Amino acid sequence: ENPEDFIRNNKNFNRLMMKYRCAIRELQTKLEVLDDEFSVANQRNPISSIKSRIKKPASIYDKLRRRGFPFTEASIVENLDDVAGVRVICPFIKDIYEVANLLTSQDDITVLKIKDYIESPKPNGYRSYHMIVEIPVFFSEGKMPMRAELQIRTIGMDFWASLDHQLHYKKDIGTGEAIEAIESELRKCAETVNETDRHMEEIKRMIAVFQTTGRLPNETVSQL
Ligand code: 0O2
């Protein structure tokens, strides 16, 4: 059965997608509450923006087939972690860990998996903090634990990943010397973005030290 027919004939598929959309709403609200509270205490926002998406039926179908699983509601719930996806964009690297810790310390959130591509970037230069979480959502028939993929990254990491996604990621641009050169250029850009992220973090620290002591931190002045 192809995905279009399956979806046309299947009210339950639409109900399931509705449930994933609700899970996204719950997560989004939690993140907005954290952002609001932090901004009142610290006069700045640890979250610049939040984007979310439900995986397209064709991508759900392809991923299940690729892995040899059937295309049924039960199989989607059991085998896919990223039907609901929430991307959180933060100004600074430290904000990523702050937001992740605050969210996962809430007692209705269960963390199923963490992939820290900031600590260990992918060989192509990709950086981001990924978590698979489970959050309970209340429907008329009761409470259902829903899974979602959270990607938390800086504005810089998101800039790189968005352009990589447009130009290269999952695109079959071939192999060979030319492609290696292109990949090497993309990797260089990722390193430049990473240096800039860390430089910005250092500037934030300089400002904080200056505001509390009236001086700049000695050890960093010469480095900037
Ligand atoms: P899309 O088009 O963004 O939805 P998975 O394949 O997701 O089951 P995996 O590989 O363990 O398993 O997941 P991972 O690496 O934790 O996260 C996958 C997602 O991270 C991707 O989703 C991308 O959104 C993002 N991502 C991972 N690597 C890269 C990369 O090199 N470049 C870019 N631009 N994004 C990346 P999808 O579903 O693969 O793609």
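How many bridges join E3 to E4? Six do, and the two strands run antiparallel. This pair belongs to a sheet in a predicted model, described below part by part.

## Overall layout

The protein holds eight helices and five strands. From the N terminus, the elements follow the order α-α-β-α-α-β-α-β-β-β-α-α-α. Two helices therefore come before the opening strand, and three helices close the chain.

The C-alpha trace spans about 70 × 50 × 20 Å along its principal axes. The protein has 224 residues, and 22% of them count as buried. Take the contacts between residues at least 6 apart in sequence: 63% of these join residues at least 24 apart.

## The sheet

Five strands make up an open sheet. Their order is E1-E2-E5-E4-E3, and the pairing is mixed. E1 (49-54) and E3 (110-116) are the edge strands, and each pairs on one side only. From one strand to the next, the twist averages 25 degrees. In general, strands of a sheet pair through backbone hydrogen bonds, either parallel or antiparallel.

Start at the E1 edge. E1 and E2 (residues 84-90) run antiparallel and are joined by six bridges. Here Ile 54 stands opposite Ala 84 in E2. At the other edge, E3 pairs with E4. There Thr 110 has Glu 134, in E4, as its bridge partner.

E4 and E5 are also antiparallel, with eleven bridges between them. Met 131 is bridged to Leu 150 in E5. A hairpin of two residues joins E4 to E5.

## Helices on the sheet

Helix H2 (residues 11-42) lies across four strands: E1, E2, E4 (129-139) and E5. H2 runs at about 110 degrees to E4. H6 also packs on the sheet, where it touches E2 and E5. The direction of H6 makes about 90 degrees with that of E5.

## Helix H7

H7 covers residues 177-213, a run of 37 residues. How far apart are its end C-alpha atoms? They are 54 Å apart. At 1.5 Å a residue the helix should span 54 Å, so the two values agree.

Three residues of H7 are buried: Ala 190, Val 193 and Asp 197. Their cover includes helix H5 (93-104), strand E5 (142-154) and H6. E5 thus appears both in the sheet and in the cover over the buried residues of H7. Just after H7 comes Gly 214, which takes a positive phi of about 80 degrees.

## Around the ligand

Which residues surround the ligand? They are Asp 82, Lys 115, Lys 122, Asn 124, Tyr 126, His 130, Ala 161, Asp 164, His 165 and Tyr 169. By class, four residues of this shell are charged, three are polar and three are nonpolar.

Which helix gives the largest share of the shell? Helix H6 (residues 155-167) does, with three residues. H6 therefore has several roles in this description, each computed on its own terms: H6 packs on the sheet, helps to cover the buried residues of H7 and contributes to the ligand shell.

Key. Residues numbered from 1 in each chain as written. Predicted model: local features only at pLDDT ≥ 70, side-chain atom pairs only at ≥ 80, totals over all residues. Buried ≥ 20, exposed ≤ 12 C-beta atoms within 10 Å, placed from the backbone. Contact = placed C-beta atoms within 7 Å. Near = placed C-beta within 6 Å. Nonpolar A, V, L, I, M, F, W, Y, C, P; charged D, E, K, R; others polar. Expected span 1.5 Å × (residues − 1). Pairing = 2+ DSSP bridges. Axes fitted to C-alpha atoms, helices over the stretch in contact; angles between N-to-C directions.
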